[in-house]
Each structure stands twice: as structure tokens, then as C-alpha cells.
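Okay everyone, thanks for coming along. I'll walk you through a structure that is new to most of you, so get it up on your screens and follow along.

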Amino acid sequence: MSELTGKQRVQKLFKREPVDTMPCFSGQGAVVVQAIEKMGTQFAKIHTDAKLMAQSAITSARLFGMDGVVIPYDMAVVAEAMGRGISLYEGTEGIIYPTVPNKWKTLDEIDIPEDYMRRGRLPMVDEAFKIIKEDAPDLAVGAWVLGPFTLAGQIMELDILLKGLKKNKDQTAAFLSQVTQITIDMCKHYQDLGVDFISVREMGSGTDLLSPRMWKTLIGPNLKKVFDSITKVPSVNHICGSTDMIIEMMHECGATALSVDQKNNVVETRQKLGNDVLLFGNFDPYNTLTQLEDMTQVKAVIKKCIDDGLDSVWPGCDIWPDIRQENMETYVKTVREYGKKASPAVGRI
């Protein structure tokens with residue numbers, strides 16, 4: 001098989017067609033400081049300028065030979081557009097992601113503007129997608145959205161939301177239904193922009209926080225509605241934290257692929273779901289790419305992911321931008337070389 005472009009490799013993986021080697025890409029943030037430094041800019045600036053956002057994503061991928069890019073980088077984009085404000089930390093050096101300063105404190109306060117997609121930084125993110133598609137047609141372009149429960153926690157204080165589940169069930173359910181529709185609208189919007197895949201990140205719903213019973217009634221039905229709306233491109237269901245007890249329910253939500261972090265027992269997950277499910281994960285991005293100083297250890301982490309039966313080696317969450325260059329190089333090289341020989345994606349699809 002002749003060498004594929006990154007876009008082709010990712011597209012074939014999702015279609016379950018033969019690939020030359022395991023794709024190396026992510027549905028989480030993957031911008032790195034080496035790219036930001038090469039561009040001569042600052043981390044705070046790449047969140048507010050379409051060209052800087054696009055070029056930082058492309059440069060990060062090019063520096064290390066990744067197959068795709070994904071934007072935006074922070075969790076506050078949609079909440080900001082809903083009028084919750086934004087803290088950008090523009091005068092600060094170093095790595096500080098934008099945050100939401102004014103979350104709603106009661107269910108009665110909620111007032112989501114109908115034209116939120118035209119507010120805040122959302123139009124700027126749209127422009128960044130257009131730039132990436134024009135400037136890097138060989139790379140797979142991914143978008144990510146927060147799942148309904150996690151998005152709700154960005155626009156309302158989480159403890160109040162959880163209390164509402166007990167004290168104001170009907171009102172809280174109506175709010176989550178409203179947020180689910182927003183997630184659906186964002187997914188439809190990104191499909192129309194022509195992205196290659198969408199990752200839905202319901203990060204706050206692992207069994208570290210919610211019981212499997214609550215997940216089944218509160219999270220699963222809304223996620224299924226979201227994935228039913230993603231009809232034009234492949235989709236990924238990503239949850240951070242403990243997912244062993246809910247992995248089968250995650251699969252029932254209908255995403256094209258599942259993404260799990262380092263807390264998931266991938267061997268058991270593969271046994272539960274079988275070989276016909278696309279499964280991504282599951283290394284600890286901060287420890288593996290930032291902390292480890294022995295490249296044999298980095299290589300071992302990535303090899304284990306492949307040996308455990310993953311179809312693509314994804315970080316369990318966003319890659320912390322201040323990675324060690326040699327760690328990132330080892331990650332990509334190991335996926336390329338070992339993935340070609342031992343990848344279940346190459347051998348099974």
C-alpha cells in the first residue's frame with residue numbers, strides 16, 4: 001500500500017478500510033509550546049485570533065508528523081457565547097487556558113440567547129476551521145464539543161446542578177434537555193463546516209462522579225440524541241476518568257468510536273465490546289509526554305496501548321502544551337513503526 005496522507009489515513013480508519021499504519025491523531029487539544037514559539041506568539045493569543053489558532057494547530061501537527069488537527073483548545077467557547085463572559089489572561093505569560101468567570105447560580109437565572117452562535121469567539125473558531133481546511137488539505141480536521149452534562153457544568157455551578165438533580169428534578173431535566181439541543185446544534189454546525197470527525201467530550205460524567213445508574217438515566221439518553229444528530233461525519237464518544245462500569249452503555253450511545261483515558265482497563269473493554277468497535281486511548285498525556293525522561297518508558301507506554309487492542313493511540317485528555325520534544329517524537333515514531341507491525345487497526349480492519 002502506498003503511503004497515505006493524514007486525512008486519508010484517518011478517514012480510512014473510521015470507515016474500517018485498510019490503512020498503511022495506525023493513524024496518529026487526537027480528538028483532544030494537541031497544541032504544543034514548540035509550535036507557539038516557532039510562530040513567535042504567546043499561548044494567550046492563540047485563543048482569540050483565527051489565523052493564530054489555525055496556524056498553531058497546523059504547526060503543532062507538522063512539527064511532529066501528526067495526521068490531524070483539532071480545535072478549539074478551551075472549554076469556555078460556547079459558555080462565553082451564551083453570555084457567561086470570558087477570562088482570557090491575555091497579559092499573562094505561560095500556559096493558562098481561558099475560563100468562565102460568571103456561571104449561573106440558580107436554574108431560574110438561565111437565559112440562553114438564540115443567536116449565541118454569532119457571539120463571542122464562535123465566529124472566530126469558524127474562520128479558523130476555514131483556514132485550516134485551505135492551508136492543510138492533507139490533514140484530518142477534527143472538531144470537539146462538550147457533552148450536555150459537561151457543558152451544563154460550564155454555564156452553571158456544578159454543585160448547584162447536582163443538587164438540582166435531587167431537589168428540582170423537572171427543572172433540571174428541562175435545562176439539560178436545552179443544553180443537549182445546543183450540543184446537537186453545534187455538532188450540526190461543525191458538520192456543515194466540513195470537518196472530518198467530531199469528538200463529543202462528556203468529560204465530567206465518569207463513574208468517579210456519577211454512579212452507573214445515574215449515568216444510564218441522566219447521561220446516556222442525552223448523548224444518544226447527540227450522536228443520532230451526527231450523520232455526515234464520524235463521531236467519537238470521549239469520557240475522562242473511570243469508565244469500566246459504563247463502557248457498554250457508552251457504546252450503546254451510537255458513536256463511530258469510543259475514547260477512554262488511562263483509568264480504563266482496555267483489555268477488559270475489548271473483551272466486553274469485541275473486535276468490531278473502534279476504540280481509542282488511553283495513555284496519561286501529562287505523565288507520558290511531560291514528565292517521563294526515559295524514552296524507553298515512553299515507548300513502552302505507547303506499545304502497551306497498541307498491544308491492549310486500541311485502534312488509535314489517543315491521549316486520555318488534552319496534551320499539556322509544554323511537552324518534552326523527545327517524548328512527543330517518541331510517541332509519534334512508536335505509533336508509526338510499532339503500529340505498522342502490531343496495530344489491530346492495520347491487522348483487523
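**A walk through the model**

Let's start at arginine 16, which sits in the loop between H1 and H2. Before I say what's odd there, keep in mind that this is a predicted model. Right, the backbone: arginine 16 has a phi near 65°, a positive value in a residue other than glycine. As background, most residues other than glycine have a negative phi, and most peptide bonds are trans. Is arginine 16 buried or exposed? Somewhere in between: its relative accessible area is 31%, so arginine 16 counts as partly exposed.

There's another one like that. Tyrosine 89 is in the loop between H4 and H5, and its phi is positive too, about 55°, although it isn't a glycine. Tyrosine 89 is also partly exposed, because its relative accessibility is 32%.

While we're on backbone oddities, have a look at the cis peptide bonds. One joins isoleucine 71 and proline 72, with omega at about -5°, and proline 72 lies in the loop between S1 and H4. Another joins glycine 281 and asparagine 282, with omega at about -10°. Asparagine 282 is in a strand, namely S6.

Okay, on to the sheet. How many strands form it, and in what order? There are 7, and they go S1-S2-S3-S4-S5-S6-S7, forming an open sheet with parallel pairing. At the edges you find strand S1 (68-71) and strand S7 (312-315), each pairing on one side only. On average, neighbouring strands here are turned by 25° against each other, direction ignored. Helix H8, residues 169-193, packs on this sheet and touches strand S2 (140-146) and strand S3 (197-201). The direction of H8 makes about 170° with that of S2.

If you want to zoom in on one pairing, take strand S5 (residues 257-260) and strand S6 (residues 278-283): 3 bridges join them, and they run parallel. Alanine 257 is the residue opposite leucine 278 in S6.

Now a helix, H5, residues 122-135. How far should its 14 residues span? At 1.5 Å a residue, the expected span is 20 Å, and the end C-alpha atoms are 20 Å apart, so the two agree. Quite a few residues of H5 are buried, including Leu122, Val125, Phe129 and Ile132. In general, an α-helix has 3.6 residues a turn, so residues three or four places apart point the same way. And what do the buried residues of H5 pack against? Helix H3 (50-64), S1, helix H4 (77-84), S2 and H8.

Next, the aromatics. The model has 12 aromatic pairs. In one of them, phenylalanine 25 and phenylalanine 197, the ring centres are 5.4 Å apart and the planes are at 85°, so we call the pair edge-to-face. This pair links distant parts of the chain: phenylalanine 25 is in the loop between helix H1 (6-15) and helix H2 (33-39), while phenylalanine 197 is in strand S3, 172 residues apart. Both phenylalanine 25 and phenylalanine 197 are buried.

Phenylalanine 197 also pairs with tryptophan 314, and this pair is tilted, at 6.5 Å centre to centre and 45° between the planes. Here the link runs from strand S3 to strand S7, with the two residues 117 apart along the chain. Tryptophan 314 is buried as well, like phenylalanine 197. Put it all together and you get one aromatic cluster made of Phe14, Phe25, Phe197, Phe280 and Trp314.

Two polar residues to finish. Aspartate 74 is in the loop between S1 and H4, and with a relative accessible area of 3% it counts as buried. What does its side chain reach? The backbone nitrogen of valine 77, at 3.4 Å. The side chain of aspartate 74 also makes a polar contact with the side chain of arginine 121, at 2.9 Å. Apart from its neighbours within four places in sequence, aspartate 74 touches His47, Tyr97, Pro98, Arg121 and Trp144.

The other one is asparagine 327, in helix H14 (residues 325-342). Asparagine 327 is buried, with a relative accessible area of 0%. Its side chain reaches the backbone oxygen of leucine 292 at 2.8 Å. Leaving out neighbours within four places in sequence, the contacts of asparagine 327 include Thr288, Thr290 and Met295.

That's my tour, so over to you for questions.

Key
Residues numbered from 1 in each chain as written. Predicted model: local features only at pLDDT ≥ 70, side-chain atom pairs only at ≥ 80, totals over all residues. Heavy atoms only, no water. Pairing = 2+ DSSP bridges. Helix = DSSP H or I, 4+ residues; strand = E, 2+ residues; numbered from the N terminus. Axes fitted to C-alpha atoms, helices over the stretch in contact; angles between N-to-C directions. Contact = heavy atoms within 4.5 Å. Buried < 20%, exposed > 50% of the residue type's maximum accessible area, 1.4 Å probe, protein only. Polar contact = N/O pair within 3.5 Å; in protein donor to acceptor, adjacent residues only side chain to side chain. Expected span 1.5 Å × (residues − 1). Phe/Tyr/Trp six-rings, centres within 6.5 Å; stacked < 30°, edge-to-face > 60°.
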